[in-house]
Amino acid sequence: MRSLVVTVTMGIVLASLSELGAAQAPTQRTPPEDSSDGRWLSLLPPSQRASFSSTFETLLSLYRQGKWSELYDLTREEQPSTRPAFVRKMGRLRPIVGFRPVSVSYNRTFKYWMVRGCGRYREASGKESETPSLVRAYQVGGGWLFGQIMIEAFESPPIEDNPCAQK
């Protein structure tokens, strides 16, 4: 399945095709309501699950709290390259108030793990909405760094592939 990754940054929509497909390992699917038990992590090597899970939970907590300066230390972003620029950029995005991980897969070509799930975002009006989302995870030394949580739009949205429809 190919999907379109859409990142909303500073009011500009940037879109690119994801590198999902033949280069990734098979995906373990778990219903969102069961994601708290960690079964979605089953494709990660057992020795890396605790570190990944702990860092991922910290990442989500920092997103929810809007602690962008602290989040900078857990991210692997090429642009913007400085902490103040990162903090400014993040302050302009729709706040993420939740993320239910559904699956994880490895992209051998680009050497990152892709976590797919259902992101819950707060609109300017205060209303919350759920949107299929994803985040890349990079193993660096003995720890983990993450890309920005991105909104995932499907070329053709089959219900079984929409993590927000899996309730």
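Is Arg-88 buried, partly exposed or exposed? Its relative accessibility is 48%, so Arg-88 counts as partly exposed. The cut-off for exposed is over 50%. This residue belongs to helix α3, which covers residues 83-91. Ser-69 sits 19 residues away from Arg-88 along the chain, and the two C-alpha atoms are 9.6 Å apart.

## The overall picture

This is a predicted model. The protein has 3 helices and 7 strands, and from the N terminus they come in the order β-β-α-α-α-β-β-β-β-β.

Of the 167 residues, 45% are buried. Take the contacts with a separation of 6 or more: 53% of them link residues 24 or more positions apart. As for the surface, the protein exposes about 8500 Å², with carbon and sulfur atoms supplying 53% of that.

## Helix α1 and what it packs on

Start with the length of α1. It has 20 residues, which at 1.5 Å a residue should span 28 Å; the C-alpha atoms at its ends are 29 Å apart, so the two values agree. Just after the helix comes Gly-66, with a positive phi near 70 degrees.

Which residues of α1 are buried? They are Gln-48, Phe-52, Thr-55, Phe-56, Leu-59, Leu-60, Leu-62 and Tyr-63. As a rule, an α-helix has 3.6 residues a turn, so residues three or four places apart point the same way. The buried residues of α1 pack against two other helices, α2 (68-72) and α3, and against strands β3, β4, β5 (128-140) and β6 (143-146).

## Aromatic residues

There are 11 aromatic pairs in the model. Take Trp-40 and Phe-52: their ring centres are 6.2 Å apart and their planes meet at 65 degrees, so this pair is edge-to-face. Trp-40 is in the loop between β2 (12-17) and α1 (46-65), while Phe-52 is in α1 itself, so the pair ties together parts 12 residues apart in sequence. Both Trp-40 and Phe-52 are buried.

The same two residues also belong to an aromatic cluster, along with Phe-56, Phe-99, Trp-144 and Phe-146. Elsewhere, two arginines have their charged ends over tyrosine rings. Arg-76 sits over Tyr-138, 4.2 Å from the ring centre, and Arg-94 sits over Tyr-121 at 4.7 Å.

## Strand β3 and its hairpin with β4

Strand β3 takes in residues 96-107, and 10 of its 12 residues are buried, so it is largely enclosed by the rest of the structure. Its partner is β4 (residues 112-122), and the two run antiparallel over 10 bridges. Within this pairing, Phe-99 stands opposite Gly-119 of β4. Phe-99 is also one of the aromatic cluster members.

Gly-98 is in β3 too. Its relative accessible area is 8%, so Gly-98 is buried. Beyond its neighbours within four places in sequence, Gly-98 is in contact with Arg-64, Cys-118, Gly-119 and Arg-120. The C-alpha atoms of Gly-98 and Tyr-121 are 7.1 Å apart, with the two positions 23 residues apart along the chain.

What about the turn? The hairpin of β3 and β4 has 4 residues between its strands, and Lys-111 lies in that loop. Lys-111 has a positive phi of about 60 degrees although it is not a glycine. Most residues other than glycine have a negative phi. At 55% relative accessibility, Lys-111 counts as exposed.

## The β5 and β6 hairpin

Strands β5 and β6 are antiparallel and joined by 4 bridges. Here Ala-137 stands opposite Phe-146 of β6. There are 2 residues between the strands of this hairpin, and Gly-141 takes a positive phi near 60 degrees.

Which side chains of β6 are buried? Trp-144 and Phe-146 are, and they point to one face, whereas Gly-143 and Leu-145 point to the other face and are not buried. That kind of alternation between the two faces of the sheet is what a regular strand shows. The two buried residues, Trp-144 and Phe-146, are both in the aromatic cluster.

Conventions:
Residues are numbered from 1 along each chain as its sequence is written. This is a predicted model: local features need pLDDT of at least 70, side-chain atom pairs count only at pLDDT 80 or more; totals for chains, interfaces and linings use all residues. Side-chain values use heavy atoms; hydrogens and water are left out. Buried means under 20% relative accessible area, exposed over 50%, partly exposed in between (1.4 Å probe, protein chains only). Contact means heavy atoms within 4.5 Å. Accessible areas come from the Shrake-Rupley method with a 1.4 Å probe; for residues, only the protein chains shown count as cover. Rings of Phe, Tyr and Trp (its six-membered ring) pair if their centres lie within 6.5 Å; planes under 30 degrees apart count as stacked, over 60 as edge-to-face and the rest as tilted. A charge sits over a ring if NZ of Lys or CZ of Arg is within 6 Å of the ring centre and within 35 degrees of the ring normal. Two strands pair if DSSP finds at least two bridges between them. The expected span of a helix is 1.5 Å times one less than its number of residues.
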